[in-house]
Every structure is written in C-alpha cells, then in structure tokens.
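Colleague: I have some questions about charged pairs and aromatic rings. Could you take me through them?

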Amino acid sequence: KFYNSRQWKECRDAYISSVHGLCEHCFERGKSEPGYIVDHIVEISPININDPSITLNHDNLQYLCLKCHNRKTFAKYDVIDSGLMFDDNGDVIER
C-alpha cells in the first residue's frame, strides 16, 4: 500500500531528480550508471512503515542500479564461501 501512495511516488520522483537519475554507489566509484530503484537505507518494516522520517526522508534514501541494490539488499543472505564471488552473469568465480 505504501509504495502505491501519492506521498511515496512524489517523494521518489523528487529524489530521483535530485540525484540526476544516476546510481549513487556507481557515481561514488566514478561511473555514471543509471539508477533503477530508490532504496531505503534504514529498511522499512512493519514497525516503522508509518514513520515519515524513515519512509519519506531524503536522508534515508539512495538511488541505486539493480546490481548495487541487490548487492546491498541481499548481502545479509550471503551464503557463498569467502574466497568466491558472483560475476555479472551470476556465475561463481574466485575473488
């Protein structure tokens, strides 16, 4: 319900415009990849979903490409050996 709200859509659009549509993590590394998703730094949960200082605060947002978003979001579920990693195609390779 939150992601379909007018408040979120306006906040999201304004945030994307403020970072010129570029992935913030890639930009910090000198690349100019287009962003894909506005991500909440402090993740939304049932406890904080009604707190606009979490859900609608630009200081809690970052615009990320899909690769950076997945790296950030799913890193906590990392089950791969520390000497291995996934390449851009999702194949396991040595670090």
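Colleague: Which residue forms a salt bridge with Asp13?

Modeller: This is a predicted model. Side chains of opposite charge can pair when their charged atoms come close. For Asp13, the closest N and O atoms of the pair are 3.3 Å apart, inside the 4 Å cut-off. The partner is Arg12.

Colleague: Is Arg12 buried or partly exposed?

Modeller: Buried means under 20% relative accessible area, and exposed means over 50%. Arg12 has 26% relative accessibility, so the class in between applies. Its partner Asp13, at 45%, is also in that class. Arg12 counts as partly exposed.

Colleague: How many salt bridges does a search of the whole structure find?

Modeller: Asp13 with Arg12 is one of them. Another joins the side chains of Glu10 and Arg6. The search of the whole structure finds 3.

Colleague: What separates Glu10 and Arg6 along helix H1?

Modeller: Their side chains meet at 3.3 Å, N to O. Glu10 is partly exposed at 45%, while Arg6 is exposed at 53%. Both sit in helix H1, residues 6-18, and they are 4 residues apart. That makes the separation about one helical turn.

Colleague: Which salt bridge links distant parts of the chain?

Modeller: Look for a pair with its side chains meeting at 2.9 Å, N to O. One partner lies in strand E1, residues 37-40, and the other in helix H4, 33 residues apart. The pair is Asp39 and Lys72.

Colleague: Is Asp39 buried or exposed?

Modeller: The cut-off for buried is under 20%. Lys72, at 25%, is above that and counts as partly exposed. Asp39 has 7% relative accessibility, so it counts as buried.

Colleague: What is the C-alpha separation of Leu66 and Cys23?

Modeller: Leu66 is in helix H4, residues 66-74. It is partly exposed, at 41% relative accessibility. Leu66 and Cys23 are 43 residues apart along the chain. Their C-alpha atoms are separated by 9.0 Å.

Colleague: On to the rings. How many aromatic pairs are there?

Modeller: The rule asks for ring centres within 6.5 Å. By this rule the count comes to 3.

Colleague: Which class does the pair of Phe2 and Trp8 fall into?

Modeller: Their centres lie 5.3 Å apart, with 40 degrees between the planes. Stacked needs under 30 degrees and edge-to-face over 60, so neither fits. Phe2 is buried at 15%, and Trp8 is buried at 3%. The pair is tilted.

Colleague: Why is the pair of Tyr3 and Trp8 edge-to-face?

Modeller: Their ring centres are 5.6 Å apart. Tyr3 is partly exposed, at 45%. Ring pairs link Phe2, Tyr3 and Trp8 into a cluster. Edge-to-face needs over 60 degrees, and the planes of Tyr3 and Trp8 are at 85 degrees.

Key. Residues are numbered from 1 along each chain as its sequence is written. This is a predicted model: local features need pLDDT of at least 70, side-chain atom pairs count only at pLDDT 80 or more; totals for chains, interfaces and linings use all residues. Side-chain values use heavy atoms; hydrogens and water are left out. Helices (H or I, at least four residues) and strands (E, at least two) are DSSP runs, numbered from the N terminus. Buried means under 20% relative accessible area, exposed over 50%, partly exposed in between (1.4 Å probe, protein chains only). Rings of Phe, Tyr and Trp (its six-membered ring) pair if their centres lie within 6.5 Å; planes under 30 degrees apart count as stacked, over 60 as edge-to-face and the rest as tilted.
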